Amino acid sequence: MIRVTPPDCAYWNLELGNYWMNLVDYRYRLSSINSEQAEFQSDGSVVIVVSGRDPGVLNWLDTAGHTVGFIPNRWVESRESPTPQTRVVKLDQLGEELAGVRRIEASERIQQLRRRKIGVDRRFPA
């Protein structure tokens, strides 16, 4: 689980990379999140769950089965560089940690993945 209050900046993102420093597929998986995609908490922070299984929250980073990797972050045109706070939480105990974080249904996840693919296809046309 990652918690961070993004700074005032033009753009920010966090993105998963695997053991070999390759980015995890972002066309078909939720392997990155940015300032436009994230759902913020009322205090301005963002809570992100990194997991190989869907935890049912909007801000999910899908490891795609990778168990080792890295998560670079960018704060573009920022005067600050906050350090995201991370914590390992078992999936069956995640509910306690996510008090106040909105849950999403499977149908919402399907739409989220659909929008992601459309966005990537527009950016990188065949």
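**Surface, fold and salt bridges**

Modeller: In this predicted model, the protein has an accessible surface of about 8,200 Å², and carbon and sulfur atoms account for 48% of that.

Colleague: Okay, and what is the secondary structure of the protein made of?

Modeller: Two helices and nine strands. Walking from the N terminus, you meet the elements as β-β-β-β-β-β-β-β-β-α-α.

Colleague: What makes the protein as compact as a globular protein of that length?

Modeller: Its radius of gyration is 14 Å, and the globule rule gives 14 Å for 126 residues. The value is close to the rule, so we call the protein as compact as a globular protein of that length. Along the principal axes, the C-alpha trace spans about 45 × 35 × 30 Å. Buried residues are 38% of the 126.

Colleague: Which share of the contacts between residues at least 6 apart in sequence joins residues at least 24 apart?

Modeller: That share is 69%.

Colleague: Now the sheet with the order β4-β2-β8. Why do β4 and β8 count as its edges?

Modeller: This is an open sheet of three strands, paired antiparallel. Both β4 (32-34) and β8 (73-76) have a single partner strand, so one side of each has no neighbour in the sheet. Neighbouring strands here are turned by 10° against each other on average, direction ignored.

Colleague: How do you know that β2 and β4 are paired?

Modeller: Two strands count as a pair if there are at least two bridges between them. Strand β2 (residues 11-15) is joined to β4 by three bridges, so that test is passed. The two run antiparallel. If you want to look at a residue, try N13: its bridge partner in β4 is N34.

Colleague: Let's talk charges. How many salt bridges does the structure hold?

Modeller: Seven. Side chains of opposite charge can pair when their charged atoms come close.

Colleague: Why is the contact of D121 with R27 called a salt bridge?

Modeller: The cut-off is 4 Å between the side-chain nitrogen and the carboxyl oxygen. For D121 and R27 the N to O value is 2.1 Å, so the pair qualifies. D121 sits in helix α2 (residues 106-123) and R27 in the loop between β3 (17-18) and β4, so the bridge ties together parts 94 residues apart in sequence. R27 and D121 also belong to a network of salt bridges with K117.

Colleague: What makes D121 and R27 "partly exposed"?

Modeller: Buried means under 20% relative accessible area and exposed means over 50%, with partly exposed in between. D121 comes to 26%, so it falls in between. R27, at 23%, lands in that class too.

Colleague: And R109, is that one buried or exposed?

Modeller: R109 has a relative accessible area of 4%, which is under 20%, so R109 is buried. Its salt-bridge partner is D54, with the closest N and O atoms 2.6 Å apart. D54 is at 40%, so that residue is partly exposed.

Colleague: Where do R109 and D54 lie?

Modeller: R109 lies in helix α2, and D54 in the loop between β5 (46-51) and β6 (60-62), so parts 55 residues apart in sequence are tied together.

Colleague: How do you know that R87 and E97 form a salt bridge?

Modeller: Their closest N and O atoms are 2.6 Å apart, which is within 4 Å, so the label fits. R87 is in the loop between β9 (85-86) and α1 (94-97) while E97 is in helix α1, so this pair links parts ten residues apart in sequence. R87 is partly exposed, at 46%.

How values were computed: Residues are numbered from 1 along each chain as its sequence is written. This is a predicted model: local features need pLDDT of at least 70, side-chain atom pairs count only at pLDDT 80 or more; totals for chains, interfaces and linings use all residues. Side-chain values use heavy atoms; hydrogens and water are left out. Helices (H or I, at least four residues) and strands (E, at least two) are DSSP runs, numbered from the N terminus. Axes are lines fitted to C-alpha atoms, for helices over the stretch in contact, and angles run from 0 to 180 degrees between N-to-C directions. The radius of gyration is taken over C-alpha atoms; the globule rule is 2.2 Å times the number of residues to the power 0.38. Buried means under 20% relative accessible area, exposed over 50%, partly exposed in between (1.4 Å probe, protein chains only). Contact means heavy atoms within 4.5 Å. Accessible areas come from the Shrake-Rupley method with a 1.4 Å probe; for residues, only the protein chains shown count as cover.
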